[in-house]
Amino acid sequence: MTDTAPTQRAADDGRVELIPGAYPHDSPFANDDLKPIPLAERHWTTYNFAALWVGMAHNIPSWTLASGLVALGMDWKQAVFTIALANVVVLLPMLLTGHAGPKYGIPFPVLARASFGVRGANLPALIRAAVACGWFGIQTWIGGQGIFVLLNEVFGGAWADASHIGGYPWTLWLCFVAFWALQLAIIHRGMETLRRFENWAAPFVLVGAVVLLVWISDKAGGLGPLLDQKSELGWGADFWPVFFPALMGMIGFWSTLSLNIPDFTRFGKGQRAQVWGQTLGLPTTMTAFALLSVLVTSGSQAVYGEPIWEPVDLAAKADNVFGLLFALVTVLVATVSVNIAANVVSPAYDLANLAPRLINFRTGALITGVVGVLIFPWKLIETPELYIYVWLGVVGGLLGTVAGILIADYWVVRRTALELADLYRPEGRYWYTDGWNWRAVVAFAVGGVLAVGGSHSDPGKGPFPRDGMIPFLKPLADYGWAVGLGAAFAVYLGLMWSRREQR
């Protein structure tokens, strides 16, 4: 190795670590969970990253993405195409932001300090944490529902007849709470436990999905008529007004991970591992899973006379206890694998970044679990319009804005060169003005307003006015993620270049 700076050194493959004694343990912006991972501990391989994505993509909301698009009028080909394109698009910012992980061993909130400032990084970190808490609640509610439905079948329908609390059977609330506790117990054991869990969860869930396809195909004697169902929209003027907001919504589905992917890639043994692992794991898996869901639903239409899009509802029709228990375990593993990886790891780091001396990774995970319940996740997924256009669309717009700033700063302004020690020091090169880079804040504000200012919804189907919060921005709302990313990217670069010229 050769020294590239007084406080850090680079390996032959370009990965960087701090030299002994360079990490400022006494800094109020440092703790053991936020410090750079030493080179010797960066050992995740291509398989680990691919397995991570397979485990995260194979979940109930991913399965029902295609159903939501079909409910909006698409046929199966249009739905699968939209999902495939969205995941190819979102892969690029994931690879760009993920680069800093294996190179420097730092998580997302620490990377954000380079652009937003050591203190200012709390702005994007808390936005990302809030989104992750919402997703954690949604996934936990869906997983709890799955457990409830399957156990209700095991016990002959008795669970559904239980007395109601807050509009739902108390047995459903019991499943929700039990599933919530199970996830927090797993993440409490740390990231290495998560890696091992994802390694075996990924193939298990894939086998479970294929078993479901084989089972329904056998009962159907082939696949049903859904594959021949024509689009209600066609490929003309009626299709595009639905396609673009749906595309942005599908991008929004993983836009959270496009920001905090360094939380995982920081454990990578090199750039090749994270690039190939993510490329092989994300777009291929999501597209295949969407197609699998369509095929299985097609078979359900042939067998039961109507398409059953919910995998849990379909699995509940298994005619033996073994089949129900196998489906129950599959649902558990699938939902845990995505929820912990995608929605607990990130806010745990983000909240630790807020107060490193008071909050560690495990404390942040517990806070995430509590907030995930308090946002009433059962309300966020009541309708496809609310889920795809409002939740995914607005979330995607805001997070696309943050991604634009991170990519502009790391790749264009700094050319991937960071001084690690200064990311943890007050008065270092990333301190800016009292810990805040106002240029990043302005870029975020401009990009955020352009991305979500025109958000709109039909009466009774969402919280926004029909003509948009800012009516003249309504046409941009359907492209929120792209608008936010592009606008913030351009504004941030312009402000940072003007700063250089003033010097």
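**Exercise 1. Classify Leu 174 by exposure, then place Leu 174 in its helix and patch.**

Leu 174 has a relative accessible area of 43%, so the residue is partly exposed (buried is under 20%, exposed over 50%, partly exposed in between; 1.4 Å probe, protein chains only). This is a predicted model: local features need pLDDT of at least 70, side-chain atom pairs count only at pLDDT 80 or more, and totals for chains, interfaces and linings use all residues. Residues are numbered from 1 along each chain as its sequence is written, and side-chain values use heavy atoms, leaving out hydrogens and water.

Next, the helix. Leu 174 sits in α7, residues 170-187 (helices are DSSP runs of H or I, at least four residues, numbered from the N terminus).

Last, the patch. Leu 174 joins Ile 165 and Trp 170 in a nonpolar surface patch with about 300 Å² of accessible area together (patch residues have over 30% relative accessible area and no salt bridge, and nonpolar side chains are joined within 5 Å; a salt bridge is a Lys or Arg side-chain nitrogen within 4 Å of an Asp or Glu carboxyl oxygen; areas are Shrake-Rupley, 1.4 Å probe).

**Exercise 2. Describe the surroundings of Asn 343.**

Start with location: Asn 343 belongs to helix α14, residues 321-343. Asn 343 is buried because its relative accessibility is 3%. Its side chain makes a polar contact with the side chain of Asn 339 at 2.8 Å (N or O atoms within 3.5 Å, one able to donate a hydrogen and the other to accept it). Beyond four places in sequence, Asn 343 touches residues including Trp 135, Phe 136 and Thr 368 (heavy atoms within 4.5 Å).

**Exercise 3. Count the disulfides.**

The count is zero (a disulfide needs two cysteine sulfur atoms within 2.5 Å). Cys 133 is buried at 4%. Cys 175 is buried, at 4% relative accessibility.

Note on methods: Helix = DSSP H or I, 4+ residues; strand = E, 2+ residues; numbered from the N terminus. Patch = residues over 30% accessible without salt bridge, like charges linked within 9 Å, V, L, I, M, F, W, Y side chains within 5 Å.
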